[in-house]
Amino acid sequence: MEKPLPSLTAPHQLAYTYKRSLGPVLGAFFNALREGRILGVRRKDGSVLVPPKEYDPETGESLGEMVEVASEGEVLTWAWVKAPRPSQPLDRAFAYALIRLDGAATPLLHAVDAGSEDAMHSGMRVRARFAAQPQGGIGDIACFVPASEEPDDTSPAPSEGTEPLEILRTPVELDYTYSAGESASRFLRGIGEGRMIGQRCPVDGRVYFPSRGSCPQHGVPISGEAVELVDRGTVVTFSINRVPSPNIDLELPYAAIQVVLDGADTTFFHVLGECPIEDVRMGMRVEAVWKPREEWTDSIENIIYFKPSGEPDAEFASYEDHI
Amino acid sequence: MRDVAVVGFTQSKSQRRERDHNETEILIPVIVDLKKSLGLETRDIDFICSGSSDYLAGQAFAFVSGLDAIGAWPPIAESHVEMDGAWALYEAWVKIQMGSADVALVYGFGKPSMGDLPRTMALQLDPYYTMPLWPDAISIAALQARACLEANVLSERDMAKIAVRDRANAKQNEYAQVAGDFEVDALLAEETLVSPLRKHDCSPISDGASGIVLAAGDRARELCDRPAWIRGFNHIVEPHELGCRDLTRSRSTEIAAEKAGVGKDKIDVAEVYGPFTHQSILVERALGLGNDTRVNPSGGALAANPLMAAGLTRIGEAAARIWDESGDRAVAHATSGPCLQQNLVVVLEGH
């Protein structure tokens, strides 16, 4: 067997803004933070937890008595970040530190803008620098700075008249590079040439289209024999879709179909075009409609949809195993 | 309690970037070889449990694709934990203890090279106060390392010695990614990565997978000449917030080790999951290991750290030392969460 070509790769981004409700304790903390005040919560023994928790981490008791602490405190430990990553609080070298504010028993994690690693040491005094434009979140403290620096005038803009903050919004963006892997790469390269490539299970000879590199029934690798199929098959089941999808560029309503290609033993999802929805039926014979050749890429999107081929319907017995 | 043993173990070679295979394709040979080594078919396995993380894959329910490596038709009894496979093994062990299974297959897999792993790991932190500041995994570990250094519980030299030991041990491990002979002084002469951590203090980023078969009583004796019997098993967690914990020791490991009975007798071999050198030291101390214990003969996580499989691999490596009779009593450890937040300890014996 010839050595397979390298896997196809593609960028992928996971992006989502998480929205979390705050409740009475965290809500009090973040609302005060917008105004340039830092709150903790008192534990039964009188000590103050910063950042505040709804429950005591040791006893599990419900906590609720909010206490203001200083916006200045002491660095307990720190890590020097030479090359900040995207979304980190500062875009120049800085320290992440655990900082115990005066009046608090526990430290909170934040960034210290010290200029250089030499300027950092555990035990040093630091002061919160509040964000000029509070957004609602821990970033309303822009960072901490050495307390020896002259206080600057970046107290937050007054937030009078603004609604209390009830929801914390955290945007997340993560970038990935996907490898299709050996089997899917072969399939996608086939599609890129207008060919339909399936693969045969070595145990029972069933042909998988598309193949993901293993037989999901027997749990065996099927990186071996490729089987070329035609771009025509039978609708084994369908649904009428009246809900728009960002990925499907068809007028509503349209038929979503499950197709088994001639010579294949597994079905796959596609959509039906050039057919009134009243006419869609199980057993209907269909063929692929391809984009113009010059627009082909190594992508399943080369097939726009399937359309009726005009052949007589397939016998139920020929596809009943696929339902 | 039923007698339950580790009877089979396979792993993939860890690689910095497995470009040509997707996660399922990494997993398939591991599972196929595992079943083949024991002469098992999927139908002979009563319960299957896996560990992985959808965030590593950037895809919801990504773990479901792992089932393609098993063969889930006719339908199988299966479960998944969004954790290292060591915790999947715990679930399988409980299932066997309940009498619901006699043979269980456990696997863990991860392909962190697809994303920016240290950044992705920020998502395991407290989502209100900490994660929005995007502290990466190395920075979080560095906070703990400095706390340990300044409390004089360990030194940078102690940390470098761990890297030298594990990388040298890894020379015997064909599945390892970072192996070789290094000098402590030369490592200490290198620049810091995220101060106070240097590159040698950090485990590599590894793509990989591993799998284990557990079996009960006579079934274990049929499948394995010298089963590695599980004689103690526990896992303990600490609070999410770093400020609410003592970062200079691993209290949860201490408690888990006590409950698992680690100290009841001499430990010949230990496989500990220390993603950073100082964490390895903290865990070794918390387990109460003495000088007569061989630690990380495989090279541990500093030699290969296939995330979500590396903890399970520790259990497999410890069991393999029972099978090859280089030890009678072994302890394996797995960790999860920032700064050793959650720790699992399992004691294995050859008799």
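The questions and answers below deal with a predicted model and the contact between its chains A and B.

Trainee: How many residues of chain A are in contact with chain B?
Mentor: Contact here means heavy atoms within 4.5 Å. On the other side, chain B brings 58 residues to the contact. The number for chain A is 63.

Trainee: What area is buried between chain A and chain B?
Mentor: Carbon and sulfur atoms give 56% of that area. In chain A, the residues that lose the most area to chain B are Arg85(A), Leu109(A) and Tyr176(A), together 11% of what that side buries. The area buried between the two chains is about 5,000 Å².

Trainee: Which residue of chain B meets the side chain of Lys53(A) in a salt bridge?
Mentor: The count of salt bridges between chain A and chain B is four. In the one with Lys53(A), the distance from N to O is 3.9 Å. A salt bridge needs these atoms within 4 Å, and the partner is Asp126(B).

Trainee: Which element gives the largest share of the side of chain A that touches chain B?
Mentor: Between the chains, 36 residue pairs are in polar contact, both residues at pLDDT 80 or more. Several elements of chain A each supply at least two residues of the touching side, including strand S1 (9–21), helix H1 (23–34), strand S10 (167–179) and helix H2 (181–192). By class, this side has 34 nonpolar, 20 polar and nine charged residues. The largest share, 11 residues, comes from S10(A).

Trainee: What is the bridge partner of Val81(A) in S5(B)?
Mentor: S5(A) pairs with strand S5 (residues 192–195) of chain B. The pairing is antiparallel and runs over two bridges. In S5(B), the partner of Val81(A) is Val194(B).

Trainee: What distance separates the centres of domain 1 and domain 3 of chain A?
Mentor: The domain assignment places domain 1 at 20–173 and domain 3 at 231–323. Domain 2 is given as 181–229. With centres taken over C-alpha atoms, domain 1 and domain 3 of chain A are separated by 56 Å.

Trainee: Which residue forms a salt bridge with Asp185(B)?
Mentor: Over all chains the structure holds 47 salt bridges. In the one formed by Asp185(B), the closest N and O atoms are 2.5 Å apart. The pair links distant parts of the chain, 28 residues apart, with Asp185(B) in helix H7 (residues 184–188) and its partner in helix H6 (residues 156–169) of chain B. That partner is Arg157(B).

Methods: Residues numbered from 1 in each chain as written. Chains lettered and ligands numbered in written order. Predicted model: local features only at pLDDT ≥ 70, side-chain atom pairs only at ≥ 80, totals over all residues. Heavy atoms only, no water. Buried area = accessible area lost by both parts, 1.4 Å probe. Polar contact = N/O pair within 3.5 Å; in protein donor to acceptor, adjacent residues only side chain to side chain. Helix = DSSP H or I, 4+ residues; strand = E, 2+ residues; numbered from the N terminus. Nonpolar A, V, L, I, M, F, W, Y, C, P; charged D, E, K, R; others polar. Pairing = 2+ DSSP bridges. Domains from an automatic or database assignment.
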